[in-house]
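Please open the structure in the viewer and display the side chains as sticks. The tour proceeds by selecting a few residues at a time.

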Amino acid sequence: MTGSDDAATGQLLFSTQLRAFQRWIDTENMPGSLHGMFARQILGGGTSIRWHVEPDLDAWLKANVSRLEDAPALALLGYVVEAQPTRLPVFADMLVHGLEGLAERDPYPGDRVTPLYSAGIVVGLHLAARAVQDRVPRFLSWLQKALNHPMREPNDPWLDLMHQHVLAELTGEPASLPALAGLADHALVAAFYLLASGTGVARDTPEELRTAQQRAMHAFLRTDPADLEVRHAALWLHFAEAVATASADQLVISVPQVSQVLRRFPPAMKRWVWDSAELKDPKWWRVDAEREVQAILWVMLRAVFDDVVDEENLPKLGHSAYRADFALPSLGLFIEVKFVRSKSDFKEVEQEVIIDSVGYLKGSERYREIIVFIYDDSCSTEHHDETRRALIDLPGIADVIIVSRPGVLPSADERKAVVSQGTATRGKPSAGGKRSKAS
């Protein structure tokens, strides 16, 4: 059998498994099924399943009027309002009353029977409380305390991870995941779900993550979905469908991958526009300050990473306020941009980074690392290594990337001449200039 035959066989097996999991999950795809609603929430719009889990709301409310203070019924309404927010006015008062009553209860009673040990109920309750949080804000506090309670003892690692997922949604702080090498079965794909959702951050290296993904994929191909509960099968299908539409590097983002994208800055500037002044309508894309470099990096980062944040404001440290240029909350990562105009600026930049790194990371539970990106407009490459070595060993500095002004752009003095005269150096093409193909 040839390599292409092996690949075709593997693709056929993978497709067969996808359909088998979809059919199994479809057994809970019926109006009012809490397991079906949980599965839909996990899978989102990334599956080919046509969902029929919405109940006839008026009939359901009449039939369950005596259960509207129970956690399963409130969770089901949470899923309903998440999918159909316009229906909230129909049952908002009932939802508020039920959540207020639930917030009065001990989350871990003496008999230890608690709805919080059902992932489907916990996720649904969070959705319900979020929909009416302006009317019953204390329930979200109750839920957060319950998930942090010392008596919380989930009986399965996958349930613990789903608790961490909801807790991260409540606090905005991604959970630090255990090493994926130590996770198996449902816990492993639950961890991948948290990674994909941005509610979990991996400690593993990219290679370890790829190994874990391969292990999970092998398990998916060997698993009979009929042996699983539907709620577990939904996590497996979410994982497999993510793999079907993304490479391992896209599925599991890591700090080294961010560095890799930023290091592509020089080749990305190949088509930067700096026309000859002899053209009738020349175009000059100037890069004269830090904000222009930030704009270029925003385009590069946002094209790859969904959760990149522009100018993240940080808590004050003493009398000083700090604001990072970019942040990736799912990785606990800041990206700080510096602009060097002359070789003498490198020492100043080093001091700024030393001071800023303390202000950015001290007291922050969410962010742990910084990538420093330095744009050298002076092309003083002989200073790059010294500055990088001065910064890379600082606590919290994950990487230091230094790039020089690309050849397509003229020097700062020549750029100023373009502005003041409307031409580049007395009507002649600027040094390093070239005609834009778009002109």
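The stops below visit aromatic pairs and then salt bridges in this predicted model.

**Aromatic pairs**

The whole structure holds 12 aromatic pairs. Select Phe 265 and Tyr 375, whose rings are arranged edge-to-face, 6.0 Å centre to centre with 75 degrees between the planes. Phe 265 belongs to helix α14 (residues 265–268) and Tyr 375 to strand β6 (residues 369–376), so this pair ties together parts 110 residues apart in sequence. Both residues are buried.

Keep Tyr 375 and add Phe 339: these two rings are stacked, at 5.3 Å centre to centre and 20 degrees between the planes. Phe 339 lies in strand β5 (residues 333–340), 36 residues from Tyr 375 in sequence, and Phe 339 is buried as well. Adding Phe 373 to the selection completes a cluster linked by ring pairs, made up of Phe 265, Phe 339, Phe 373 and Tyr 375.

**Salt bridges**

A search of the whole structure gives 19 salt bridges. Select Asp 93 and Arg 135, where the closest N and O atoms are 2.9 Å apart. Asp 93 sits in helix α5 (residues 88–102) and Arg 135 in the loop between α6 and α7, so the bridge connects parts 42 residues apart in sequence. Asp 93 is exposed at 54% relative accessible area, while Arg 135 is partly exposed at 42%.

Next, select Asp 377 and Arg 415, which form a salt bridge of 2.8 Å, N to O. Asp 377 is in the loop between β6 and α17, and Arg 415 is in helix α18 (residues 412–421). Asp 377 is buried, with a relative accessible area of 5%, and Arg 415 is buried at 1%. Finally, add Arg 286, Asp 288 and Arg 405 to show the network of salt bridges that links them with Asp 377 and Arg 415.

Notes: Residues numbered from 1 in each chain as written. Predicted model: local features only at pLDDT ≥ 70, side-chain atom pairs only at ≥ 80, totals over all residues. Heavy atoms only, no water. Phe/Tyr/Trp six-rings, centres within 6.5 Å; stacked < 30°, edge-to-face > 60°. Helix = DSSP H or I, 4+ residues; strand = E, 2+ residues; numbered from the N terminus. Buried < 20%, exposed > 50% of the residue type's maximum accessible area, 1.4 Å probe, protein only. Salt bridge = Lys/Arg side-chain N within 4 Å of Asp/Glu carboxyl O.
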